[in-house]
Amino acid sequence: MHSFQTIFSAAVATMMAVTASAQTLPKASPERMESRIKALAEFGKNADGGVDRVAYSDADKAGRAYIISELEALGLEVRIDTGANIFARRAGTDPALKPILFGSHTDSVPGGGNYDGPTGVIAAMEAIDLMNAASHQTRHPLEVVVFSNEEGGLVGSLAMTGKLKENALDVVSSSGKTIRDGIRFIGGNPDALESAVVAPGTYEAFIELHIEQGGFLDEEGTDIGVVEGIVGIGWWDVVVEGFANHAGTTPMNRRRDAMVAAAELTLAINGVATQNAGRQVATVGRIEAFPGAPNVIPGRVEMSLEIRDLEQAKIDAVFAMIEARAAMIARKTGTKISFTYVDVASEPAPTDERMRELIASGAQFHNYSHKYMPSGAGHDAQDMVHLAPTGMIFVPSVGGISHSPNEFTTAEAMAKGADVLARTILAIDAGGLAEH
């Protein structure tokens, strides 16, 4: 039996060796990352300078083939699971240790840009490149993941969590194929999705690097966003019921105008979100009046309400305040306002606190500025929090533009993100999660 001192000394020696080797990693290459981004952008390239590489399209399939060829060139062992997720494995020195998983997606929205998703995949490849260049062998196996159909509903990561519902497979995707047929088209097997399910604890950790898709990092000149979590989304259908009447013969003081009430409610929703402390947002994105004639006072309005925040308690509190304001507006306008919760909202997905600290330490190691921030958009990471300690790295989006051909992240910003990603992987490999 080994003594405690022997075990402790071995652990210290391993940590020192890993740390010393980590110091030899070169910096990420902006030129190499930009070259790969541009090469991938050829698949689905459109006249506006962006891409139409929607999931399950010919362009998606061809782009994935390019990525697989690059992963194999890095010496990685590539496989595709039944959910059509791509995995590329680099062996570790201790096969008993859990793999460290990192990556993102390569599919786009229709008329999308070249950086939303691919930046995280290219950064993952760059991290492997850096370790290969330094001949650094990690103790843990490393796996790069390219999730399938992120933009169409996080399909690949949902398959990994076992939460991809059977009826979702018959939904027609932007490619014109059903999700079922699309999964099969790009190499998965929708008839055996149970084998794509990953048990919690299978991976040591998961990290996703992504462009911010907002303007805070770019406006502030900050290099790295340490993501605190992905916001939850509460959705409600709202109905305002008044009384339809003749617009020419009904005096203003005798009207029960559903549109006026809806307008006041829209302003009240904005006021609640704006005037209360916190980072919550609330949006009315859809509104329709009935009967919809110019000469008829609207008797009914249907509208949407969306509330986002990193904490479910805050979403609930904001909704309670909005509901109270709605009751006041209804009394004032002689209308009835009702809310119906839509059961397609996502729950808040906080990242692991230890992962946040390791990412922040990685930024500090390279003297890159960083800030803690939430993600207002959805990502595969929100599913992965249920499987492993999860962290997320943001790099700046120039002008805060995303889901547009004008989406852009500089090669230098991508390289800084890859530096932090590689450093974070090495910290986890050295036992950083246990230390925090």
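**Notebook: aromatic pairs, cavity, pocket, single residues**

I looked up Phe 339 and found this residue buried, with a relative accessible area of 17%. The model is a predicted one, and I kept that in mind for the entries below.

**Aromatic pairs**

I asked how many aromatic pairs the structure holds. The search returned six. I took up Tyr 115 and Phe 408, which form an edge-to-face pair with 5.6 Å centre to centre and 85 degrees between the planes. This pair links distant parts of the chain, 293 residues apart. Tyr 115 lies in the loop between β3 (100-105) and α4 (118-133), and Phe 408 lies in the loop between β16 (390-395) and α12 (411-429). I then checked accessibility for both rings. Tyr 115 has 5% relative accessibility and therefore counts as buried, the limit being under 20%. Phe 408 has a relative accessible area of 35%, so I entered this residue as partly exposed.

I went on to Phe 319 and Phe 339, which also form an edge-to-face pair, at 5.3 Å centre to centre and 90 degrees between the planes. Phe 319 is in helix α9 (residues 312-333) and Phe 339 in strand β13 (residues 336-341), 20 residues apart. The program counts this pair too as a link between distant parts of the chain. Phe 319 is buried, with a relative accessible area of 14%. I noted that Phe 319 and Phe 339 belong to one aromatic cluster together with Trp 236 and Tyr 341.

**Charges over a ring**

Which lysines did I find over the ring of Phe 185? The charged end of Lys 61 sits over this ring, 4.4 Å from its centre. Lys 177 lies over the face of Phe 185 as well, at 4.2 Å from the ring centre.

**Cavity**

I searched the whole structure for cavities of 30 Å³ or more and got one. The largest cavity holds about 40 Å³ of space. I listed its lining as Ser 108, Val 109, Gly 112, Gly 113, Asp 116, Glu 151, His 403 and Glu 407. By class, I recorded one nonpolar, four polar and three charged residues in this lining.

**Second largest pocket**

I read off about 440 Å³ of space for the second largest pocket. Its lining has 20 residues, and those closest to the centre are Glu 212, Phe 216, Pro 374, Ser 375 and Gly 376. Which strand gives the largest share of this lining? I found that β15 does, with five residues. β12 (300-309) and β15 each supply at least two lining residues. Sorted by class, the lining has nine nonpolar, six polar and five charged residues.

**His 366**

I placed His 366 in the loop between α10 (353-365) and β15 (370-375). Is His 366 buried or exposed? At 16% relative accessibility, His 366 counts as buried. Leaving aside neighbours within four places in sequence, I found His 366 in contact with Lys 27, Asp 419, Val 420 and Arg 423.

**Leu 158**

My last entry concerns Leu 158, in helix α5 (residues 155-161). Its relative accessible area is 19%, so with the limit at under 20% I entered Leu 158 as buried. Beyond neighbours within four places in sequence, Leu 158 is in contact with Gly 153, Lys 163, Leu 164 and Asp 383. I also took a C-alpha separation, from Leu 158 to Thr 410, and got 31 Å. These two residues are 252 residues apart along the chain.

Technical notes. Residues numbered from 1 in each chain as written. Predicted model: local features only at pLDDT ≥ 70, side-chain atom pairs only at ≥ 80, totals over all residues. Heavy atoms only, no water. Helix = DSSP H or I, 4+ residues; strand = E, 2+ residues; numbered from the N terminus. Buried < 20%, exposed > 50% of the residue type's maximum accessible area, 1.4 Å probe, protein only. Contact = heavy atoms within 4.5 Å. 1 Å grid on protein atoms, 1.4 Å probe; cavity = no way out; pocket = protein on both sides within 12 Å on 5 of 7 lines; lining within 4 Å. Points joined across faces, edges and corners; volume = space filled by probe spheres on them. Nonpolar A, V, L, I, M, F, W, Y, C, P; charged D, E, K, R; others polar. Phe/Tyr/Trp six-rings, centres within 6.5 Å; stacked < 30°, edge-to-face > 60°. Lys NZ or Arg CZ within 6 Å of the ring centre and 35° of its normal.
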